[in-house]
Amino acid sequence: MQLFTRFTKASGAKDVLTEDVVIQSVKMQRDDPEMKKSMSDVLISIFTAMDANHDGHLDFEEFHRAFDHSGMVDIDFIRGVFDDIDVNHDGTLSIEEYVKAVIDYMCSDDEATTTVFGPLV
Ligand SMILES: [Ca+2]
Ligand SMILES: [Ca+2]
């Protein structure tokens with residue numbers, strides 16, 4: 001909630017919170033350590049929700065299921081994203097890998113990669 005208050009404040013509008021505004025706000029505040037902390041808190045909540053068997057890691061099945069819910073079901077594409085995030089290639093995503101990847105993507109100027117994580121946030 002605090003996160004969205006910050007987004008709203010950054011947008012300069014009270015009731016308008018579109019995806020574009022959120023992305024723009026993230027870009028504006030990308031160098032703000034407090035902002036990254038807030039982002040991490042939200043992402044940890046999402047990660048925990050995706051971690052169906054509560055072992056502290058996301059395997060591909062858990063990761064894929066999250067995209068399934070968002071209606072994005074191109075398995076080759078999802079596999080590619082998963083492999084990108086899994087930097088130590090142990091076949092699972094740690095919370096550190098996940099948070100770092102999403103913040104990197106969110107802060108990227110590449111619209112395509114920002115869109116990838118849109119449905120999850
Ligand atoms: Ca798991
Ligand atoms: Ca890993």
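The following legends describe close-up views of a predicted model.

**Figure 1. Overall layout of the predicted chain.** The chain holds seven helices and two strands. Read from the N terminus, its elements are ordered α-α-α-β-α-α-β-α-α. The chain has 121 residues, of which 17% count as buried. Among contacts in the chain with a separation of 6 or more, 46% are between residues 24 or more positions apart.

**Figure 2. Packing of helix α4 against helix α5.** Helix α4 spans residues 60-70 and helix α5 spans residues 75-85. Their axes lie 10 Å apart and form an angle of about 125 degrees. Because of this angle, α4 is oblique to α5. The crossing of α4 past α5 is right-handed. On the α4 side the contact is made by F60, F63, H64 and F67, and on the α5 side by I75, I78 and F82. Sorted by class, the residues of this contact are six nonpolar and one polar, with no charged residues.

**Figure 3. H54 in the loop between α3 and β1.** The loop shown connects α3 (33-50) with β1 (57-59), and H54 is part of this loop. Its phi is positive, at about 55 degrees, although H54 is not a glycine. H54 counts as exposed because 7 other C-beta atoms lie within 10 Å, where the cut-off for exposed is 12 or fewer.

**Figure 4. H89 in the loop between α5 and β2.** H89 lies in the loop that runs from α5 to β2 (92-94). H89 is not a glycine, yet has a positive phi of about 50 degrees. With 7 C-beta neighbours inside 10 Å, H89 is classed as exposed.

**Figure 5. G91 and its surroundings.** G91 is also placed in the loop between α5 and β2. The count for G91 is 11 other C-beta atoms within 10 Å, so this residue is exposed. Setting aside neighbours within four places in sequence, the contacts of G91 are with D59 and D86. L58 is 33 residues from G91 in sequence, while the C-alpha atoms of G91 and L58 are 8.8 Å apart in space. D59 of this view falls within the residue range of β1 (57-59), and L58 falls within that range as well.

How values were computed: Residues numbered from 1 in each chain as written. Chains lettered and ligands numbered in written order. Predicted model: local features only at pLDDT ≥ 70, side-chain atom pairs only at ≥ 80, totals over all residues. Axes fitted to C-alpha atoms, helices over the stretch in contact; angles between N-to-C directions. Helix = DSSP H or I, 4+ residues; strand = E, 2+ residues; numbered from the N terminus. Parallel < 35°, antiparallel > 145°, perpendicular 65-115°, else oblique. Left-handed = near helix turned anticlockwise from the far one by under 90°. Contact = placed C-beta atoms within 7 Å. Nonpolar A, V, L, I, M, F, W, Y, C, P; charged D, E, K, R; others polar. Buried ≥ 20, exposed ≤ 12 C-beta atoms within 10 Å, placed from the backbone.
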